[in-house]
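Hi everyone, thanks for making time for this. I'd like to walk you through one helix pair and a few of the residues that hold my attention there. Have a look at the screen first.

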Amino acid sequence: MWSEWVHAIPNQWSSLIEGAIADYSKAIEIYPESAFAYNNRGNAKGELGDTKGAIADFNKAIEINPHYTDASASSIQRWGWTRYSLVS
């Protein structure tokens, strides 16, 4: 019983993150100029190990609003990526 519960936690977390990605994707469809939505979807993708997808979303957030520091701050503080890795 304990082992099933322990294995269920990562699966449940993964499902929540995937749901968040779907929600942010829908928000982007409705408001494609939302740097906030791209940034947060990038964080969610990073949680699931989708580095390329996360970097693409952070880059898009910065492209939309070059002064939107959350995108580069999220990538550097949370994931250890540098601004160079975002734009290269």
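Before we start, one term: when I say polar contact, I mean a pair of N or O atoms within 3.5 Å, where, within protein, one must be able to donate a hydrogen and the other to accept it. Please also keep in mind that this is a predicted model.

Let's get oriented. The protein has 5 helices and 0 strands, so to speak an α-α-α-α-α pattern when you read along the sequence. It has 88 residues, and buried ones make up 33% of them. If you take the contacts between residues at least 6 apart in sequence, 46% join residues at least 24 apart.

Now to the pair itself, beginning with α2. This helix runs over residues 35-47, and its 13 residues reach 19 Å from first C-alpha to last, close to the 18 Å expected at 1.5 Å a residue. How many of the residues of α2 are buried? The count is 11 of the 13, so the helix is largely enclosed by the rest of the structure. The buried set includes small residues such as Ala35, Ala37 and Gly42, but also Asn39, Asn40, Arg41, Asn43 and Lys45. After α2 comes glycine 49, with a positive phi near 85°.

Its partner, α3, covers residues 51-64. It has 14 residues and reaches 20 Å from its first C-alpha to its last, close to the 20 Å expected at 1.5 Å a residue. Its buried residues are Gly53, Ala54, Ile55, Asp57, Phe58, Ala61 and Ile62.

How do the two sit together? Their axes come within 8 Å and cross at roughly 165°. Angles over 145 degrees count as roughly antiparallel, and that makes α2 roughly antiparallel to α3. The crossing is left-handed. On the α2 side, the residues that meet α3 include Ala35, Tyr38, Gly42 and Lys45, and on the α3 side, those that meet α2 include Ala54, Asp57, Ala61 and Ile64. As a general reminder, an α-helix has 3.6 residues a turn, so residues three or four places apart point the same way.

Let's walk along that interface, and I'll start with tyrosine 38, which is in α2. Is tyrosine 38 buried or exposed? Its relative accessible area is 10%, which is under the 20% cut-off, so tyrosine 38 is buried. Leaving aside neighbours within four places in sequence, tyrosine 38 is in contact with Asp57, Lys60, Ala61 and Ile64, and also with Ile28 and Pro32. Tyrosine 38 and alanine 61 are 23 residues apart in sequence, yet their C-alpha atoms are 5.4 Å apart in space.

Isoleucine 64, another of those contacts, lies in α3. With a relative accessible area of 21%, isoleucine 64 is partly exposed. Besides Tyr38, isoleucine 64 is in contact with Pro32, Glu33, Ser34 and Ala35, again leaving aside neighbours within four places in sequence. From isoleucine 64 to tyrosine 38 it is 26 residues along the chain, and 9.4 Å between C-alpha atoms.

Next, glycine 42, which is also in α2. Glycine 42 counts as buried, at 0% relative accessibility. Outside its neighbours within four places in sequence, glycine 42 is in contact with Ala54, Asp57 and Phe58. Looking back along the chain, isoleucine 21 is 21 residues from glycine 42 in sequence and 8.5 Å away, C-alpha to C-alpha.

That brings me to aspartate 57, found in α3. Aspartate 57 counts as buried, at 3% relative accessibility. Which side chain does the side chain of aspartate 57 make a polar contact with? It is that of lysine 45, at 3.3 Å. Aspartate 57 also touches Tyr38, Arg41 and Gly42, not counting residues up to four places away in sequence. Lysine 45 is itself among the buried residues of α2.

That's the tour from my side; thanks for listening.

Note on methods:
Residues numbered from 1 in each chain as written. Predicted model: local features only at pLDDT ≥ 70, side-chain atom pairs only at ≥ 80, totals over all residues. Heavy atoms only, no water. Helix = DSSP H or I, 4+ residues; strand = E, 2+ residues; numbered from the N terminus. Buried < 20%, exposed > 50% of the residue type's maximum accessible area, 1.4 Å probe, protein only. Contact = heavy atoms within 4.5 Å. Expected span 1.5 Å × (residues − 1). Axes fitted to C-alpha atoms, helices over the stretch in contact; angles between N-to-C directions. Parallel < 35°, antiparallel > 145°, perpendicular 65-115°, else oblique. Left-handed = near helix turned anticlockwise from the far one by under 90°.
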